[in-house]
Amino acid sequence: MSISLTCGPSGAVITGETEEELVNNVQAHARAYENTELSRERILAEIRDRGTERHIDAAAWAAMTAPEAAQTLCDTSGMVIVHRMFRRECALLPRLVAAVDRGDVTQARTVARHAREVLDMLHHHHVGEDELLWPRLSERTQFNSELLARMDSQHQGLAVLLEHTATAFAAWQEAPTATTGRALTALLEQLSRGLDEHFDEEEAAVLPIVERVITAAEYREVGQRGLTSIPLTRRLITLGYLLEGATAQEKSEFLAAIPRPVQLAYRLIGERQHRNETARLRCQLHP
């Protein structure tokens, strides 16, 4: 004989053959319509001793599914730090290109090499989300299908810009002229604006959902996917770029999640390498 629960706000009747099945069905309902991961214990605490109808009124349901009451499965603060690096470096790229003297092929190649590295990391960052994050969010948050479709569309638009930018960089680095420079900076400025718009919405609307429906192990998989795209010889310097704009607390927390030998190598080698590289790269920028 099945048992049922009535959700006060919507009047939805959720059923199950057993209490455990009922709990599972309530969790699925919360994921689909409230974008919330509810713990088994929290649901049981609400449905027990409510009589045969097991009616959860609007106030109780709202308290259960409120964002601040929802179980947090992962911490996305590291993603914001990654985004901050991409925002900064992509905003700097048009300035770096404009600062190169006409005909200075050496500096143009230095800037182009840095740009290829940053934009390649950005590409892999988005591919990791496309392959490992969006499908899981789509399965678990039916209510946000429109938002996830917009995220995917923005990725596609940025991918096209990355392709055009790569072509423009190839032409400019061999002939850094006013003409090739203008074409390239226009693309880079468009990329930076598009990236800011995408990250703004992702951080405000998507990451809070990620924290409630993506497990810590699944979230680490996304980060590992991006890490494997970075050559071993560049990882300490990349860590410097990531931590460049971090607060003292953010830096401490970010480093705490990294193996101790890597932390030591970064402090002994990586910080200095990053400082020297950015000094050479940005030497022609005006204060």
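Which helix should you look in to find Ile-269? Select residues 260-281, which make up helix H11, and you will find Ile-269 there. Before going further, keep in mind that this is a predicted model, and that everything on this tour is a description of that prediction.

**The whole chain**

Begin with the entire protein in a cartoon view, where the secondary structure comes to eleven helices and three strands. If you follow the chain along its sequence, the elements appear in the pattern β-β-α-α-β-α-α-α-α-α-α-α-α-α. Of the 287 residues, 45% count as buried, and the accessible surface comes to about 14,700 Å², with 54% of that surface belonging to carbon and sulfur atoms. Among the contacts between residues at least 6 apart in sequence, 73% join residues at least 24 apart.

**Helix H11 and its outer side**

Now return to H11 and select Leu-264, Leu-268 and Ile-269, which together make a nonpolar surface patch of about 280 Å². Ile-269 counts as partly exposed because its relative accessibility is 36%, a value in between the limits of 20% for buried and 50% for exposed.

Next, select the two end C-alpha atoms of H11 and look at the distance between them, which is 29 Å; the 22 residues of this helix should span 32 Å at 1.5 Å a residue, so the two values agree. While the helix is in view, centre on Tyr-266, where H11 bends by about 50 degrees.

**The buried residues of H11**

Which residues of H11 are buried? Select Gln-263, Tyr-266, Gly-270, His-274, Glu-277, Thr-278 and Leu-281, which are the buried residues in this helix. To see what they pack against, show helix H4 (77-99), helix H5 (105-140), helix H9 (235-243) and helix H10 (248-256) alongside them.

From here, move to Gln-107, whose place is in helix H5. Its relative accessibility is 12%, and therefore Gln-107 counts as buried. Leaving aside its neighbours within four places in sequence, Gln-107 is in contact with Val-100, Arg-280, Leu-281, Cys-283 and Gln-284, and one of these, Leu-281, is also among the buried residues of H11.

**Salt bridges between distant parts**

A search of the whole structure finds 17 salt bridges, and the next stops visit some of them. Select Arg-282 and Glu-89, which form a salt bridge whose closest N and O atoms are 2.9 Å apart. This pair links distant parts of the chain, since Arg-282 is in the segment after H11 and Glu-89 is in helix H4, 193 residues apart. Is Glu-89 buried or exposed? With a relative accessibility of 1%, Glu-89 counts as buried.

Then select Glu-117 and Arg-234, whose side chains meet in a salt bridge with an N to O distance of 2.6 Å. Glu-117 lies in helix H5 and Arg-234 in the loop between helix H8 (216-227) and H9, so this pair ties together parts that are 117 residues apart in sequence. Both Glu-117 and Arg-234 are buried.

For another pair, select Glu-221 and Arg-136, which form a salt bridge whose closest N and O atoms are 3.1 Å apart. Because Glu-221 lies in helix H8 and Arg-136 in helix H5, the pair ties together parts that are 85 residues apart in sequence. Glu-221 is partly exposed, with a relative accessible area of 36%, whereas Arg-136 is buried, with a relative accessible area of 19%.

Finally for this theme, select Arg-87, Asp-196, Asp-200 and Glu-203, which are linked in a network of salt bridges.

**Helix H7 and Val-80**

Keep Glu-203 on screen and add Val-80, which is found in helix H4 and is partly exposed, with a relative accessible area of 28%. Leaving aside its neighbours within four places in sequence, Val-80 is in contact with Glu-203 and Leu-207. The C-alpha atoms of Val-80 and Leu-207 are separated by 9.1 Å, although these residues are 127 residues apart along the chain.

End the tour by selecting residues 178-213, which form helix H7; its 36 residues reach 49 Å from the first C-alpha to the last, close to the 52 Å expected at 1.5 Å a residue. Centre on Val-206, where H7 bends by about 45 degrees, and look for the proline, Pro-208, that follows within four residues.

Key
Residues numbered from 1 in each chain as written. Predicted model: local features only at pLDDT ≥ 70, side-chain atom pairs only at ≥ 80, totals over all residues. Heavy atoms only, no water. Patch = residues over 30% accessible without salt bridge, like charges linked within 9 Å, V, L, I, M, F, W, Y side chains within 5 Å. Areas by Shrake-Rupley, 256 points an atom, 1.4 Å probe, with all protein chains shown as cover. Salt bridge = Lys/Arg side-chain N within 4 Å of Asp/Glu carboxyl O. Buried < 20%, exposed > 50% of the residue type's maximum accessible area, 1.4 Å probe, protein only. Expected span 1.5 Å × (residues − 1). Bend = angle between axes of the 7 residues up to and from the residue. Contact = heavy atoms within 4.5 Å.
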